[in-house]
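Let us learn to read a protein model together. Look at the picture first, then follow the questions.

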Amino acid sequence: LGDKLWAAHGNPRAAHLCYLAAGLSPHVQLRGSTRMAVIGADHMKNPRTFMRNAEAMQLTEAFEYANRGSAGTKYASFQVAKFIYACEL
């Protein structure tokens, strides 16, 4: 459903909500199969600038914080995005 929302309507936020509901986590290391790099940002359309989206970075940080106690949830790939975001500030 998330893929269809993104392709048909160009709405990455709705797609990311579906991915989160399905149990997928953000993954900043971009590959051809990466569905969600940071929550709410379109990494396919803006591959060089999606990490500069402050709202998307904050949503992803909130998600990371909310899942900090879950076993096996480590977002090491998000550290690079956080560093870039910190430099932007």
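What follows is a short dialogue between a learner and a teacher.

Q: Where do I start, and how many helices and strands are there in the protein chain?

A: Start with the kind of model. This one is predicted. Next, count the elements. The protein chain has 4 helices and 0 strands. Read from the N terminus, the order is α-α-α-α.

Q: How do I read a pair of helices, and at what angle do the axes of H1 and H2 cross?

A: Compare the directions of the two axes. Helix H1 covers residues 2-9 and helix H2 covers residues 12-21. Their axes come within 8 Å and cross at roughly 175°. An angle over 145 degrees counts as roughly antiparallel, so H1 is roughly antiparallel to H2.

Q: Which residues make that contact?

A: H1 brings Gly2, Asp3, Leu5 and Trp6. H2 brings Pro12, Ala14, Ala15, His16, Cys18 and Tyr19. Sort the residues of this contact by type and you get 7 nonpolar, 2 polar and 1 charged.

Q: Is a given residue buried or exposed? Let me try His16 and Ala21.

A: Check the relative accessibility. Both residues are in helix H2: His16 and Ala21. His16 has 0% relative accessibility, so His16 counts as buried. Ala21 has 70%, so Ala21 counts as exposed. For the protein chain, buried residues make up 34% of the 89 residues.

Q: What does His16 touch, beyond its neighbours within four places in sequence?

A: Look for residues from other parts of the chain. His16 is in contact with Trp6, Arg35, Met36, Val38, Ile39, Gly40 and Ala41. Then look at polar atoms. A polar atom of the His16 side chain lies 2.7 Å from the backbone nitrogen of Gly40.

Q: Why look for a nonpolar core?

A: In soluble globular proteins, nonpolar side chains tend to be buried together. Now the case here. The largest nonpolar core has 18 residues. Those with the most contacts inside this core are Val28, Val38, Phe50, Met57, Phe78 and Ala81. The elements giving two or more residues to the core are H2, helix H3 (54-66) and helix H4 (78-88).

Q: Which residues does Met57 touch, not counting those up to four places away in sequence?

A: Met57 touches Val38, Met51, Phe78, Ala81, Lys82 and Tyr85.

Q: How do I compare distance in sequence with distance in space, say for Ala21 and Gly2?

A: Take both values. Ala21 and Gly2 are 19 residues apart in sequence. In space they are 9.9 Å apart, C-alpha to C-alpha. For the chain, take contacts between residues at least 6 apart in sequence: 34% of these join residues at least 24 apart.

Methods:
Residues are numbered from 1 along each chain as its sequence is written. This is a predicted model: local features need pLDDT of at least 70, side-chain atom pairs count only at pLDDT 80 or more; totals for chains, interfaces and linings use all residues. Side-chain values use heavy atoms; hydrogens and water are left out. Axes are lines fitted to C-alpha atoms, for helices over the stretch in contact, and angles run from 0 to 180 degrees between N-to-C directions. Angles under 35 degrees count as roughly parallel, over 145 as roughly antiparallel, 65 to 115 as roughly perpendicular and the rest as oblique. Contact means heavy atoms within 4.5 Å. Ala, Val, Leu, Ile, Met, Phe, Trp, Tyr, Cys and Pro count as nonpolar, Asp, Glu, Lys and Arg as charged, and the others, Gly among them, as polar. Buried means under 20% relative accessible area, exposed over 50%, partly exposed in between (1.4 Å probe, protein chains only). A polar contact is a pair of N or O atoms within 3.5 Å; within protein, one must be able to donate a hydrogen and the other to accept it, and residues adjacent in sequence count only if both atoms are side-chain atoms. A nonpolar core is a set of buried Ala, Val, Leu, Ile, Met, Phe, Trp, Tyr and Cys residues joined through side-chain atoms within 4.5 Å.
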